[in-house]
Amino acid sequence: MKFTEEHEWLESDGDMVKVGITEYAAEQLGDIVFIELPDVGTSVTKGQEIVVIESVKAASDILAPLDGEITEINNAIVDDPSMVNNDPTGEAWFFKMSLKNQGELDGLMSEDEYKKHIE
Amino acid sequence: MTELKKTALYDLHRSLGAKAIPFAGYEMPVNYPLGIMKEHLYCRKSAGLFDVSHMGQLVISSNTQSMQFIASELEKLLPIDVLGLSEDRQRYGFLPNKEGGIIDDLMISNRGDHYFVVINASRKEIDFKYLRENISKEIDVDLIKTRALIAIQGPLSEKILSNLIGELSSLKYLDVKNFSYKGEMLWVSRSGYTGQDGFEISLPNSLCEVFCKNILNQDGIEPIGLGARDTLRLECGLCLYGQDLNETITPIEAGLKWAIQKVRRVGGEREGGFVGQKKILKQIEEHPHLKREAFFPDGKAPLRSGTKLFSDDKGKNEIGMITSGGYSPSLERPISMGYLNHNKFNVDEPIFGEVRNKFFSVTLTKLPFVPTSFKRN
């Protein structure tokens, strides 16, 4: 599993990567009540706002971690946003994407590096 | 940037694991480890302890003049019945400006030899200055800084509080009474801002932490942060100053006509005579075109404060604005309130809120979203 400074995790899944948010991010957001995911087939560039998350407190965005295309979305978290608070790194993944440049994944943080980042 | 002020419960909040945010110049807990949703639901079914010490506490008294004189002076500023407020009773009110807008909303109690007034944190310096400049010099207005203010709210609040200070069943909604605790005086009112039964307690700063620790040692009570305080008051349709109320919105537009007793209205014994009377009395008779309303967003997306409302999904005919909105933990759906301009809108037209350049349909409904449960009898 790889991590971004924006508190997303990425995990290789065949030719794709699966993307979600970290436990730390879910805890910071608090009770999540609404999620809007991008359409499958959307081309995204790193840093683009592609997901809207609303907690009881406030709205926030999730940014595309790398360049690529959305290939699958997890509608289960749209139906039940609280899944993200309960199992952020498991069942509650957000979307899968194909990377424009597969090698960029290696440039992201390891779990140890991410743990230091949030300390 | 000025340093954030701390309440007497700052250390306790930290030890309870509160997440802190800046609010009206204070560092305040937005939630505790339980989180906003669970804190909200806990308060609705059991009881919650709130630190509201950031709010202003005013003592209005006179060494030379009677309570009747103070009440008459206050009635020149407030459109409510102050003279008719009995000893040890509390009442909601507001300070209008000359145009009928609201400088602040408040709770006022008659304490026999003085009036005790609780005002909003963000407005206390403004209110204090306004009162000082607009009231007889024979009246003393003190913004007291030596006392904290806490609220205990929810169905178990009477049982929990009575374990510490004694019998409370004779105290009804909006009654006020002093209680002694460890040799100090607590000023207790049966009121609050969650729409539920509960109490607000003014107590010396020095006593506050030990008192709250003893409250939290009881079964059935959890500390509740400002996050859940906001969702609790919104569910019951209570206004938040700075969002739902401000200097350009009148109490009539805000749906607060009920707080202006008949004795101060046209035809009443003490009709008018208060700041902003022209606009306010006229609006009582004529009904303003701007009106505070309740909305259910039809989808799952919360429509929050600042969301513009349109009668079309293209953003052409703007008809109003959401002033408070969020997720209702009790109803498990988003709720909003805000203002509609009835000159620009017909009730059979659809309503859309614009968020992130998208248009979400909403349905007009009635306040409160969740019924209140005050102990009136």
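Is B:E285 buried or exposed? I began with this residue, working throughout from a predicted model, and I found that B:E285 is exposed, because 9 other C-beta atoms lie within 10 Å of its own and a residue counts as exposed at 12 or fewer. Its place is in helix α8 of chain B, which covers residues 277-286. I also looked up its separation from B:R265, and the two are 20 residues apart in sequence and 9.4 Å apart in space, taken from C-alpha to C-alpha.

**Entry: confidence**

Before going further I noted the scores, which are ipTM 0.88 and pTM 0.95 for the model. For chain B the mean pLDDT is 97, and 100% of its residues reach 70 or more.

**Entry: the six-stranded sheet of chain B**

I traced an open sheet of six strands in chain B, and its order reads β10-β11-β12-β9-β3-β13, with mixed pairing. Strands β10 (176-181) and β13 (222-223) of chain B stand at the edges, and since each has a single partner strand, one side of each is left without a neighbour in the sheet.

Within this sheet I followed one pairing in detail, that of β9 (residues 147-153) with β12 (residues 198-204) of chain B, which run antiparallel and are joined by seven bridges. As a landmark for the register I recorded that B:R147 has B:P204 as its bridge partner in β12(B).

I then asked which helices pack on the sheet, and wrote down two of chain B. Helix α2 (residues 36-45) touches β3 (48-51), β9 and β13 of chain B, and its direction makes about 120° with that of β3(B). Helix α5 (residues 157-165) of chain B touches β9, β10, β11 (184-189) and β12, and its direction makes about 135° with that of β9(B).

**Entry: helix α2 of chain B**

How many of the ten residues of α2(B) are buried? I found seven, and the helix is thus mostly covered. The buried residues are B:I36, B:M37, B:E39, B:H40, B:Y42, B:C43 and B:R44, a list in which charged side chains such as B:E39 and B:R44 appear. What covers them includes strands β2 (26-31), β3, β9 and β13 of chain B, together with helix α7 (226-235) of chain B.

**Entry: the two domains of chain B**

The domain assignment of chain B gives domain 1 as 1-236 and domain 2 as 257-365, and I noted that their C-alpha centres lie 27 Å apart. The contact between them takes 22 residues from domain 1 and 18 residues from domain 2 of chain B. On the domain 1 side, α2, β5 (90-96) and α7 of chain B each supply at least two residues, and α2(B) gives the most, with four residues. By class, I listed nine nonpolar, six polar and seven charged residues on that side of domain 1 of chain B. Helix α2(B) therefore came up twice in my notes, since it packs on the sheet and also contributes to the side of domain 1 that touches domain 2 of chain B.

**Entry: where chain A meets chain B**

I looked up the contact between the chains and found eight residues of chain A in contact with twelve residues of chain B. On the chain A side, the elements that give two or more residues are β4 (32-36) and β6 (49-55) of chain A. That side has four nonpolar, one polar and three charged residues.

**Entry: strands of chain A**

Strands β2 (residues 8-13) and β3 (residues 16-21) of chain A run antiparallel and are joined by six bridges, and I recorded A:I21 in β3(A) as the bridge partner of A:E8. The two strands form a hairpin with two residues between them, and A:G14 in the turn has a positive phi of about 65°. Strand β3(A) also pairs in the antiparallel sense with β9 (residues 95-99) of chain A, over three bridges, and there A:V19 stands opposite A:F95.

**Entry: A:S55**

My last look was at A:S55, which lies in strand β6 of chain A. With 25 C-beta neighbours inside 10 Å, A:S55 counts as buried, because the cut-off is 20 or more. Leaving out residues up to four places away in sequence, A:S55 touches A:L29, A:G30, A:D31, A:I32 and A:V33. From A:S55 to A:A92 I noted 37 residues in sequence and 15 Å in space, C-alpha to C-alpha.

Notes
Residues are numbered from 1 along each chain as its sequence is written. Chains are lettered from A and ligands numbered from 1 in the order in which they are written. This is a predicted model: local features need pLDDT of at least 70, side-chain atom pairs count only at pLDDT 80 or more; totals for chains, interfaces and linings use all residues. pLDDT is the predictor's confidence in each residue, from 0 to 100. Two strands pair if DSSP finds at least two bridges between them. Two residues are in contact if their C-beta atoms, placed from the backbone, lie within 7 Å. Axes are lines fitted to C-alpha atoms, for helices over the stretch in contact, and angles run from 0 to 180 degrees between N-to-C directions. Domain bounds come from an automatic or database domain assignment.
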